[in-house]
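The following paragraphs lead the reader through one protein model, beginning with its aromatic rings and ending with its charged side chains. Please keep the sequence and the structure in view while reading.

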Amino acid sequence: MSKLFQKVAGFFTNRTMVGMDKAGNRYFARKEEVDGIMKEKRWVAFKGEDDPTSIPVEWICWLNGQRKRAPTPEELAELEARRERVRQNVALLKKEEEERKAREGSTRKVINTDKVGGPDLKSFIQQFPGSSEGGLNPEESVATEGVRNSKEKEAKKAKEAPESTEPTGSGQTFRPGTWQPPT
């Protein structure tokens, strides 16, 4: 019982506040002995509602032990400024892209879903000689049709004459308990 009381009392007296983030969450650490080994326990006391998504990445790394030292206020300010510069660069690039598209007079209808537009299917289909909209003359079309038919005939012959007598695995003739390994 006394060990339990010591742990509870130590939880409140033996903790050290390591830092605070801009959301007001406070971060604590304490050293305690576990199985004869001194370990550092780290945790966060949320300001208001317990919302783990409000914890900055730097503090998450510290809580998980990926960082030895807690992030300093200067480091947090520098990283926040960097994130803001990245946001501004992204906005600038989006604006430049929209201006470029407006100058080009793109014929595609632009739907702002923050997704990349799909391919132009007509130009894709025209690349293939057998397509109905492709630019083939009738002679080439007849020649490719003859080649296609001969390939289809070869495939039919291959289907009619099985290559081996081994089961094909169709499952239609399977009977449980009858399979024997080949000898």
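The structure holds 3 aromatic pairs. Rings of Phe, Tyr and Trp (its six-membered ring) are paired if their centres lie within 6.5 Å; planes under 30 degrees apart count as stacked, over 60 as edge-to-face, and the rest as tilted. One of these pairs is formed by Phe 28 and Trp 43, which are stacked, with 5.8 Å from centre to centre and 20° between the planes. This pair links distant parts of the chain, since Phe 28 belongs to strand E2 (residues 26-34) and Trp 43 to strand E3 (residues 37-45), 15 residues apart. Helices (H or I, at least four residues) and strands (E, at least two) are DSSP runs, numbered from the N terminus.

The model is a predicted one: local features need pLDDT of at least 70, side-chain atom pairs count only at pLDDT 80 or more, and totals for chains, interfaces and linings use all residues. Residues are numbered from 1 along each chain as its sequence is written, and side-chain values use heavy atoms, with hydrogens and water left out.

Are the two stacked residues buried or exposed? Phe 28 is buried, with a relative accessible area of 4%, and Trp 43 is buried as well, at 16%. Here buried means under 20% relative accessible area, exposed means over 50%, and partly exposed lies in between (1.4 Å probe, protein chains only). Phe 28 also has a charged partner: the charged end of Arg 15 sits over its ring, 4.5 Å from the centre. That description requires NZ of Lys or CZ of Arg within 6 Å of the ring centre and within 35 degrees of the ring normal.

Phe 28 and Trp 43 are both buried; the rings of Trp 59 and Trp 62 have their centres 5.6 Å apart and their planes at 85°, so this pair is edge-to-face. Trp 59 and Trp 62 are 3 residues apart in helix H2 (residues 57-63), and therefore about one helical turn separates them. Both Trp 59 and Trp 62 are buried. Ring pairs join them with Tyr 27 into a cluster.

Tyr 27, Trp 59 and Trp 62 also belong to the largest nonpolar core, which has 8 residues and further includes Ala 29, Val 44, Ile 55, Ala 70 and Leu 76. E2 and H2 each supply at least two residues of this core. A nonpolar core is a set of buried Ala, Val, Leu, Ile, Met, Phe, Trp, Tyr and Cys residues joined through side-chain atoms within 4.5 Å. Which residues does Val 44 contact, leaving aside its neighbours within four places in sequence? Val 44 is in contact with Asn 25, Arg 26, Tyr 27, Ile 55 and Leu 63, where contact means heavy atoms within 4.5 Å.

Turning to charged groups, side chains of opposite charge can pair when their charged atoms come close. The structure holds 10 salt bridges, each defined by a side-chain nitrogen of Lys or Arg within 4 Å of a carboxyl oxygen of Asp or Glu. In one of them, Glu 32 meets Arg 30 at 2.9 Å, N to O. Glu 32 counts as partly exposed at 21% relative accessibility, whereas Arg 30 counts as buried at 14%.

Arg 100 takes part in a salt bridge with Glu 97, the closest N and O atoms being 2.3 Å apart, and in another with Glu 104, at 2.8 Å. Glu 97 and Arg 100 are 3 residues apart in helix H3, so about one helical turn separates them. Glu 104 and Arg 100 also both lie in helix H3, 4 residues apart, about one turn of the helix. Arg 100 is partly exposed at 31%, Glu 97 is partly exposed at 32%, and Glu 104 is exposed at 53%. Elsewhere, salt bridges that share partners join Lys 22, Glu 58, Glu 80, Arg 83, Glu 84 and Arg 87 into one network.

The whole chain may now be considered. There are 5 helices and 3 strands, in the pattern α-β-β-β-α-α-α-α along the sequence. Buried residues make up 11% of the 183 residues. The chain averages a pLDDT of 77, and 63% of the residues score at least 70; pLDDT is the predictor's confidence in each residue, from 0 to 100. Confidence is highest in helix H3 (residues 73-104), at a mean of 93, and lowest in helix H5 (residues 138-160), at 60. Where pLDDT is low, the predicted coordinates should not be read in detail.
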